[in-house]
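Please open the model in a viewer and keep the selection panel at hand. The stops below are meant to be followed in order.

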Amino acid sequence: MRDQDDAGPRTQRRTVAAFATTLIIATVVVALPRHAADPPGRRGNLVSPSASPAPPDDMPPAWLAWIAGTLPDGLAAAAQAEPGLKTTVVVAGDTLWMTESRDAKHDVVDHPDPPYEIPIDAFAVTPSAYEPFMPGAMRGPLRTVLNDGLAILGESSAELRGIGAGGTLVFGSQEVTVGGVVPDPVVGFAEMLVSRDLGRRLGIVNDRYLLSLPDGQMTDARFARIMGSLIPDTDILTSAPGGGPYMRIASGVNPPVVTKTLFGEFAAARHPGDTAFFDIDPAWVDAHVVTREVPLLGTVTCHEALIPPLVAALREVVAAGLGDEITVYSGCWAARTVRRSSTAPPSQHAYGAAIDINAPQNPIGTEPVFDRRVVRIFQEHGFTWGGGFLYPDGHHFEWGLSTPPAR
């Protein structure tokens with residue numbers, strides 16, 4: 001059945017057409033993908049990591065606040081009442097599992113064989129609250145699309161999906177029509193953005209981050225102090241406008257859509273007893289996951305594209321006389337979600353795109369003791385180090401540099 005926000009099919013079709021026309025005039029609509037017929041397991045090639053695409057010129061300069069897990073109930077109202085923050089929005093985000101997608105002609109693009117499904121990183125917002133954080137030319141059209149129960153895709157998501165405006169994403173018994181495609185920063189690098197009303201029906205319920213357009217002059221220290229008063233006794237990540245490539249959940253790591261672009265997308269079958277674990281489509285595993293011998297670590301099982309930068313980094317560690325600093329290989333490929341949460345996206349380990357080293361000496365959540373010279377070598381070869389995460393993960397290195405090098 002079709003599940004939309006209080007809008008009949010005729011209204012939806014008018015909205016899709018009107019929105020697409022508006023965006024074409026504003027020159028912000030993105031071309032439809034090139035490879036709609038490609039199977040998910042074959043998409044994605046490892047390329048050199050780089051900064052995220054620049055946001056539109058009139059993208060409002062928002063401040064970000066994020067915690068590990070879910071933001072507390074009532075934060076949205078408390079933040080709106082805080083004079084120093086002026087304009088705020090709280091964004092919900094959860095992983096949905098897609099069973100099918102169709103293009104605007106209703107031709108099937110993706111349809112993994114049951115029980116396999118494709119994980120989709122989806123956000124939900126109150127349209128009126130999110131509107132001030134959109135580029136000016138997009139505000140009216142985007143608000144209308146969201147209020148009409150349609151989805152907005154980021155350009156990378158649309159390219160990956162092979163669909164654009166008028167396409168359909170299916171999540172079990174629920175269908176969502178795509179109302180438009182915008183630059184990735186406009187949707188926080190989500191794969192799909194919908195209204196709160198539609199999000200609740202789809203299962204997007206956990207508040208993940210807050211954006212603010214403060215009143216008057218703001219500094220890092222003042223913003224952190226304000227957020228600390230709103231969320232006491234909690235570790236909070238705060239970031240000034242432009243403070244990271246991805247202004248969203250866990251902004252120090254690559255969003256799922258970026259990981260998929262680099263390493264390809266898989267379908268998976270979730271374990272009935274614990275949906276934080278899953279079995280990945282064997283065709284994807286056969287195409288991408290390999291077992292190789294590498295310096296210092298011995299035998300590793302990772303994504304084939306991770307092996308060259310991993311070997312290069314390890315060889316440089318040896319050449320620098322730092323081989324003794326690496327003592328334990330603690331794993332690479334593991335089919336599970338981030339922090340083993342049932343609503344989180346797949347971990348970088350699920351793609352074989354991250355490797356754990358010296359885990360016994362660097363337990364997650366503790367102050368890392370990893371030799372910073374080794375860390376810098378890995379970063380020079382394109383790895384992000386988990387020791388700089390809000391919740392430190394000092395034994396974790398994932399490919400796709402999105403944090404500043406360690407000092």
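The tour of this predicted model visits a strand, a single side chain, a helix and a sheet.

**First stop: strand 5**

Select residues 118-125, which form strand 5. Of its 8 residues, 8 are buried, so the strand is largely enclosed by the rest of the structure. Colour the two faces separately: Ile-118, Ile-120, Ala-122 and Ala-124 lie on one side, while Pro-119, Asp-121, Phe-123 and Val-125 lie on the other. Both faces are covered.

Now add the strands that pair with strand 5. Strand 2, residues 87-98, pairs with strand 5 in the antiparallel sense over 7 bridges. Within strand 5, Ile-118 stands opposite Met-98. Next, display strand 9, residues 192-195, which runs parallel to strand 5 and is joined to it by 4 bridges. Here Ala-124 has Val-194 of strand 9 as its bridge partner.

**Second stop: Arg-208**

Move to strand 10, residues 207-213, and show the side chain of Arg-208. Is Arg-208 buried or exposed? Its relative accessibility is 11%, and with buried defined as under 20%, Arg-208 counts as buried. Draw a distance from the side chain of Arg-208 to the backbone oxygen of Gly-69; the value is 3.4 Å.

**Third stop: helix 11**

Select residues 372-380, helix 11. Begin at the start of the helix, where a side-chain oxygen of Asp-371 comes to within 2.8 Å of the backbone nitrogen of Arg-373. Then show the buried residues of helix 11: Val-374, Val-375, Ile-377, Phe-378 and Gln-379. What do these buried residues pack against? They pack against helix 10 (307-319), strand 17 and strand 18. After helix 11 comes Gly-382, with a positive phi near 95 degrees.

**Last stop: the sheet of strands 16, 18 and 17**

Strands 17 and 18, already met as packing partners of helix 11, belong to an open sheet of 3 strands. The order is 16-18-17, and the pairing is antiparallel. Select strand 16 (354-356) and strand 17 (383-385): both stand at the edges, each with a single partner strand, so one side of each is left without a neighbour in the sheet. Viewed together, neighbouring strands of this sheet are turned by 25 degrees against each other on average, direction ignored.

To finish, focus on strand 17 and strand 18, residues 396-399, which pair over 3 bridges in the antiparallel sense. Label Thr-384 and Glu-398: the bridge partner of Thr-384 in strand 18 is Glu-398.

Technical notes
Residues numbered from 1 in each chain as written. Predicted model: local features only at pLDDT ≥ 70, side-chain atom pairs only at ≥ 80, totals over all residues. Heavy atoms only, no water. Pairing = 2+ DSSP bridges. Axes fitted to C-alpha atoms, helices over the stretch in contact; angles between N-to-C directions. Buried < 20%, exposed > 50% of the residue type's maximum accessible area, 1.4 Å probe, protein only. Polar contact = N/O pair within 3.5 Å; in protein donor to acceptor, adjacent residues only side chain to side chain. Contact = heavy atoms within 4.5 Å.
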